Amino acid sequence: MIHPTASYFTDPAVVACYVEGPRRNVPGYDSLLPMVRILLAESVAANGRVLVVGACGGLELEGTVRAHPGCRFDGVDPSQPMLELAAQRLQ
C-alpha cells in the first residue's frame, strides 16, 4: 500500500511552495531549529556524520549545515522532487 502523502510531496505545486509550510504548520518551528543545532553540538563530533531521515526540501538542513560545517549530513527522503529541491537549496 502506498502511503496517502506519497503523491503529495511529488506534486509540483506542493514542492514549489514547500518553504512556506513548516512555519505555518508547525508550532514553535523557529525555536525547534536552534534546539536541534544545540543537541547536535552536544552529541555529534565536530567531524561527525548525521543521517537525516525525511530530509524533505532541505529547509531544516540549511542552517544546520552552516552551524556544523565539519559534519557530513546524508539526507534521505521518499520524494525524489523534494530531494532535488534540497540539493538546490544546499548548493
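**Exercise 1.** Determine how the lining of the second largest pocket divides by residue class.

*Solution.* In this predicted model, the lining of the second largest pocket has six nonpolar, two polar and one charged residues, where Ala, Val, Leu, Ile, Met, Phe, Trp, Tyr, Cys and Pro count as nonpolar, Asp, Glu, Lys and Arg as charged, and the others, Gly among them, as polar. A pocket here is an open set of points on a 1 Å grid where a 1.4 Å probe fits, with protein on both sides within 12 Å along at least five of seven lines, and its lining residues have an atom within 4 Å of a point. The residues concerned are Tyr-8, Phe-9, Val-14, Cys-17, Tyr-18, Gly-21, Pro-22, Arg-24 and Asn-25. Helix 2 (residues 21–25) gives the largest share, four residues, a helix being a DSSP run of H or I with at least four residues.

Residues are numbered from 1 along each chain as its sequence is written. Local features of this predicted model need pLDDT of at least 70 and side-chain atom pairs 80 or more, whereas totals for chains, interfaces and linings use all residues, and side-chain values use heavy atoms, without hydrogens and water.

**Exercise 2.** Explain why Cys-56 forms no disulfide.

*Solution.* A disulfide is a pair of cysteine sulfur atoms within 2.5 Å. The closest cysteine sulfur to that of Cys-56 lies in Cys-17, and because 12 Å separates the two, they are too far apart for a bond. The structure as a whole holds zero disulfides. Cys-56 is also buried, at 16% relative accessible area, where buried means under 20% with a 1.4 Å probe and protein chains only.

Definitions and conventions
Helices (H or I, at least four residues) and strands (E, at least two) are DSSP runs, numbered from the N terminus. Buried means under 20% relative accessible area, exposed over 50%, partly exposed in between (1.4 Å probe, protein chains only).
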